[in-house]
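The following paragraphs lead the reader through one protein model, from a single element to the whole chain and its interior.

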Amino acid sequence: MWRRIPATGARHATSFGRKAAYATAGATTLALTGYYYNLQQRRSLDDDNFEYPPHSSMIYLEPQQASRDPTRPHAFWAPPSRDEMIRMLQEGPGAIKDIIAAKEKASSSATPGGSDSIAVAQADDSKDEESDVFDLLIIGGGATGAGCAVDAATRGLKVAMVERDDFSSGTSSRSTKLVHGGVRYLEKAVHELDIEQYKLVKEALNERANFLKIAPYLSYQLPIMLPIYKWWQVPYYWAGSKAYDLLAGHQGMESSYFLSRGKALEAFPMLKNDRLVGAMVYYDGQHNDSRMNVALGLTAVQYGAVITNHVEVTELHKDANNRLCGARLKDNLSGKEFNIKAKGIINATGPFTDGIRQLDDPSIQSIVSPSAGVHIILPNYYSPGNMGLLDPATSDGRVIFFLPWQGNTIAGTTDSATEVTQNPMATEEEINWILGEVKNYLHPDVKVRRGDVLAAWSGIRPLVRDPSAKSTEGLVRNHMINVSASGLLTIAGGKWTTYRAMASETIDKAIKEFKLEPSRGCSTDRVKLIGSHGYSKTMFIRLIQQFGLETEIAQHLANSYGDRAWAVASLAHSTGRRWPVFGRRISGQYPYIEAEIRYAVRREYACTAVDVLARRLRLAFLNVHAALDALPRVVEIMAEELHWDQARQIKETEDAKKFLTTMGLPVSPIAYPTNVPDAAVGHATTEGGEHKSFWGRLGGKSSTGSSVPDSFYSRAQFNPEELAEFHKVFGALDKDGDGHIDGQDLGEVLKNLDMQVDAQVLQSIIDEVDMDNSGAIEFNEFLEVMGGLKEHASRSAFSKIVVHVENQRDIDYGIKAKTTDRSGGGA
């Protein structure tokens with residue numbers, strides 16, 4: 001955001017004064033102008049007078065019961081199954097009426113008013129009864145594709161959406177989880193007097209308000225702290241934060257505020273207090289991106305869209321006039337192929353945009369400049385649960401967010417040019433860079449360690465290429481709509497926050513380009529997503545009272561499913577205990593329960609174990625080890641639901657393990673060739689039939705240097721045996737029992753532990769521990785030294801084995817470029 005300006009000497013101070021005055025004046029002027037415009041133009045937040053799309057367009061939605069208390073559990077609406085969706089794709093919109101009639105016949109006795117609702121739907125569809133042509137085929141089931149499906153369906157169009165992998169399997173699940181305008185872009189707009197950057201921030205802030213309104217259970221306000229370490233930065237940050245508030249206008253968001261040094265440390269105790277002056281706190285939004293994507297898809301289904309995952313486009317069809325008229329689809333689960341007809345085709349495949357465009361015209365030039373953004377997940381003790389942090393000026397000028405999310409802490413992101421791949425992977429260099437930047441802002445008591453990284457992933461941002469830009473930092477994260485000569489409508493670029501505006505503009509263009517006849521206009525800024533209507537912040541209490549759930553689980557269900565949490569809880573099995581009564585966890589560390597797996601399969605189109613672990617439960621993004629531990633049970637439950645045989649269960653398990661390696665799962669046999677010795681994949685080894693010593697296991701005197709120690713990825717630095725050994729040798733030297741040993745005795749301790757340590761390495765670790773230069777070492781300080789030695793040895797061994805394995809075999813870590821000519825992802 002507001003980058004630090006050097007101020008050394010009177011000349012620099014004067015220069016800063018001018019720049020700060022100009023920037024502050026410019027920001028305030030722009031903000032007041034935007035605020036006035038917003039007050040004049042913004043729509044009323046009151047939905048009372050809004051005319052929602054009639055239920056006749058919601059061909060799968062249950063009859064409206066307007067008098068029902070919205071906080072009451074609603075009827076358990078179930079979308080058409082995936083098999084039914086595939087049939088609709090094959091037979092066209094004309095098949096929808098038959099399927100709905102069959103479902104109505106089966107449920108008419110149990111659904112009051114159901115026959116009337118279906119009669120209306122049939123009457124609306126009768127003119128298209130013989131038609132097998134969709135109005136729109138949307139390729140890509142990410143944020144943009146799903147947003148387009150909701151927009152088009154709510155306008156009364158006949159919509160089909162297909163996704164090669166799973167909904168939000170690409171970039172849309174790998175975001176920073178923020179719903180924000182972009183404080184960095186506002187700074188650039190002021191400094192560079194860039195009107196395009198200003199428009200981008202203005203649009204994003206308006207969409208932030210819509211986002212929080214239509215999906216209140218999946219998105220929420222989050223205070224973000226800007227720590228200040230120089231007094232002259234206070235007015236600069238204050239002016240920038242207030243300009244951000246004013247530009248947003250009246251959206252029901254909290255206003256930014258200044259915190260004194262003491263209050264800042266009270267709000268963020270982990271913050272480095274050395275030279276801290278104070279902090280500015282501003283507000284942005286945060287959300288659960290994959291769950292949001294699934295909610296968009298299900299909302300589109302409610303309004304009549306036909307959506308399927310794991311279906312890819314292999315060919316684009318053209319008519320005699322060389323205009324697109326359909327496509328060849330392949331169901332990647334069954335292998336079946338079939339054709340689909342559509343009046344218009346929308347390419348919303350995010351980073352894979354150019355692959356679809358080349359199916360249309362192989363000679364076409366690329367319009368996407370892919371940028372890699374890496375994020376890591378750290379334990380929750382790295383940040384408070386209700387306050388984020390922004391480093392506006394990292395060592396190389398990039399911005400780092402440090403945010404609480406789903407009970408853990410997310411840190412990122414990097415921003416570097418990359419190649420498009422199906423499963424990008426974070427590199428050790430990128431992970432260590434983020435850890436280094438995080439360390440700069442945290443108190444010395446918080447030891448930032450590689451072993452604390454619970455998960456790490458890389459996402460590919462589909463940035464629109466600017467021919468004059470030389471680096472990705474200079475690229476504007478705005479979107480571009482392009483229509484080819486044959487009629488392929490491509491929407492590329494943008495970001496999660498602006499998905500709705502992008503979709504609206506795209507469908508407007510499609511209606512005009514393909515001469516479509518919608519029955520109503522765009523209403524997606526008012527239509528709440530599935531699960532939002534009966535949601536309240538206190539509904540989790542009723543879940544506890546009615547189902548006997550743990551408080552943490554009830555809160556999780558309410559905040560992940562909204563008013564459909566009752567449907568999930570109703571699938572929960574008894575725990576067999578007095579309390580909690582229902583809700584069997586699949587991981588003791590997280591509030592995910594077995595019932596969510598069954599619900600994901602039955603109601604959310606989860607087809608693979610990865611679909612569940614990564615994009616329905618989010619466990620793979622939070623902790624890859626916990627995801628690996630839960631994998632067998634996930635596969636077992638899905639096998640019951642989907643009738644998998646043994647071979648399919650084995651395949652799902654191996655595929656999920658392979659996926660988890662792209663999410664930061666440590667070096668293991670599933671990532672490396674089977675002919676690499678056990679020592680190369682972290683297994684304990686012996687020499688001469690004896691187990692290695694502590695130091696030998698770390699790659700010391702007894703080590704071959706070819707093993708990757710488990711301690712490199714371990715969250716606990718020492719195991720019980722090691723701690724007992726340390727206590728024994730320390731106590732032997734602490735002859736007077738005062739809890740100290742003499743500094744010169746440290747060498748004797750290391751000798752007793754069979755350690756030979758380079759004197760320079762040892763001294764550097766001791767200096768970092770900072771033992772007050774007293775010459776006496778307490779046990780906790782001794783453990784700090786031992787931990788430093790262990791981490792140093794672990795990193796050395798890790799570096800050696802990576803080189804060793806890469807020399808043995810050219811492993812695709814997901815970083816190298818691959819041929820990409822299929823659909824997938826989403827912006």
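A residue is called buried when its relative accessible area is under 20%. In this predicted model, that cut-off shows how one element, helix 8, is placed: 12 of its 16 residues are buried, so the helix is largely enclosed by the rest of the structure. Among the buried residues of helix 8 are Gln233, Tyr236, Tyr237, Gly240, Ala243, Tyr244, Leu247 and Ala248. The helix covers residues 233-248, and at 1.5 Å a residue it should span 22 Å; its end C-alpha atoms lie 23 Å apart, which agrees. After helix 8 comes glycine 249, with a positive phi near 75 degrees.

The chain as a whole may now be considered. It has 827 residues, of which 56% count as buried, and its secondary structure comprises 26 helices and 22 strands. Of the contacts with a separation of 6 or more, 74% join residues 24 or more positions apart. The accessible surface amounts to about 34,500 Å², and carbon and sulfur atoms account for 50% of that area.

The interior remains to be described. The largest nonpolar core contains 159 residues, and those with the most contacts inside it include Leu136, Leu137, Ile346 and Leu619. Helix 20, residues 624-642, gives the most to this core, contributing 10 residues. Apart from this core lies another, of 32 residues, including Ala279, Ile376, Ala426 and Tyr441.

Which residues does leucine 137 contact, leaving aside its neighbours within four places in sequence? They are Ala160, Val162, Ala327, Ile340, Ala342, Gly344, Ile345 and Ile346.

Technical notes. Residues numbered from 1 in each chain as written. Predicted model: local features only at pLDDT ≥ 70, side-chain atom pairs only at ≥ 80, totals over all residues. Heavy atoms only, no water. Helix = DSSP H or I, 4+ residues; strand = E, 2+ residues; numbered from the N terminus. Buried < 20%, exposed > 50% of the residue type's maximum accessible area, 1.4 Å probe, protein only. Contact = heavy atoms within 4.5 Å. Areas by Shrake-Rupley, 256 points an atom, 1.4 Å probe, with all protein chains shown as cover. Expected span 1.5 Å × (residues − 1). Core = buried A, V, L, I, M, F, W, Y, C linked by side-chain atoms within 4.5 Å.
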